[in-house]
Amino acid sequence: MGRDINALATPKSLTELAQWLRSLRQRSGLSYRQMERLSRLRTNREVPYLRFYRADRGNRLPAWQAVQDYVRICGGDIRRAERLWKNAEAATASADGRSRRHRPALPPQFISEPLELLDAMRALRFDHGNKTLRELELAASDDGVSHLPRSSLSAVLGGKRMPSKPLLLTYIRVCGGVQPDTRAAEMWERAWERADAYRRGHPTPVVQPDTAGQDSTMSGAKPDATGLRSRASAVRRTRAARRSGWRRLAVRFLLPLPPTPLHAGAPPGP
């Protein structure tokens, strides 16, 4: 029997989680379709059977909500499920000894570019259970209308477009538990405003948190904390490194050229 080459790169803890879930279903004697019918009774909402099928495949980390539903319907131990899922999450994040994120996500108070905002949104989703787009859409529904449509959210998280401010504030509330009218929500809102100004080509201030934890424009004042100073310096270096060649070339063409004399070789007049 041939061996699946994808299994060679699958973390052991992810395989253990999938095998444990399959054993729960086998002991319960339920099919995936039967689990779907029982989902409304045991989870107060209808869960598609394909979500259960994908949860125990072992080829990717399932969302924590999907694992919870799976275990509750099959009568398993939620605490053990949480332990196995967290182990799989940690192994999935660094299966080859390196972080799978190509760029470290910055805190909202350091964000000033759309790409940095996108990284932070993806990291927020990953750090809070890696919910599916469908789960986020349902969690943001009000009277049958969702404020996080899957199509819009897919385009935003895929880097195809920048989120609107209302979508971002809804996203951080549903995905990360950031409540409106709080200091954390205000920092995300300011991050969006700086990223939007950057996208439009408007000047954006370089900001850093002061000792009170608030954003302040850098106008010569130095931070009191050494860690904040080094962090801000690292952020500036990262941004400088991202300047691509075409941007530098565009600046060269936009700079005013010195006036050319009408008679380049003629001596100056009296």
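Which residue follows α8 with a positive phi? In this predicted model, that residue is Gly159, where phi lies near 80°.

The chain holds twelve helices and four strands. Of its 270 residues, 36% count as buried. The exposed area is about 17,100 Å². Carbon and sulfur atoms supply 53% of that area. Among contacts with a separation of 6 or more, 59% join residues 24 or more positions apart.

The largest nonpolar core has 26 residues. Leu117, Met121, Leu148, Tyr171 and Trp188 touch the most other members. Two or more residues each come from α6 (114-127), α8 (150-157), α9 (165-176) and α10 (183-200). The largest share is that of α9, with six residues.

Trp188 was examined further. Leaving aside residues up to four places away in sequence, Trp188 touches Pro108, Leu117, Ala120, Met121, Leu124, Leu168, Ile172 and Val178. Two of these partners, Leu117 and Met121, are themselves listed with Trp188 among the core residues that touch the most other members. A second core is separate and contains 22 residues, including Leu17, Val47, Leu61 and Ala88.

Helix α8 also contributes to the largest core. Its buried residues are Ser152, Leu153, Ala155, Val156 and Leu157. An α-helix has 3.6 residues a turn, so residues three or four places apart point the same way. The cover over the buried residues of α8 includes α6, α7 (133-139) and α9. Of these covering helices, α6 and α9 also give two or more residues to the largest core.

How values were computed
Residues numbered from 1 in each chain as written. Predicted model: local features only at pLDDT ≥ 70, side-chain atom pairs only at ≥ 80, totals over all residues. Heavy atoms only, no water. Buried < 20%, exposed > 50% of the residue type's maximum accessible area, 1.4 Å probe, protein only. Contact = heavy atoms within 4.5 Å. Areas by Shrake-Rupley, 256 points an atom, 1.4 Å probe, with all protein chains shown as cover. Core = buried A, V, L, I, M, F, W, Y, C linked by side-chain atoms within 4.5 Å.
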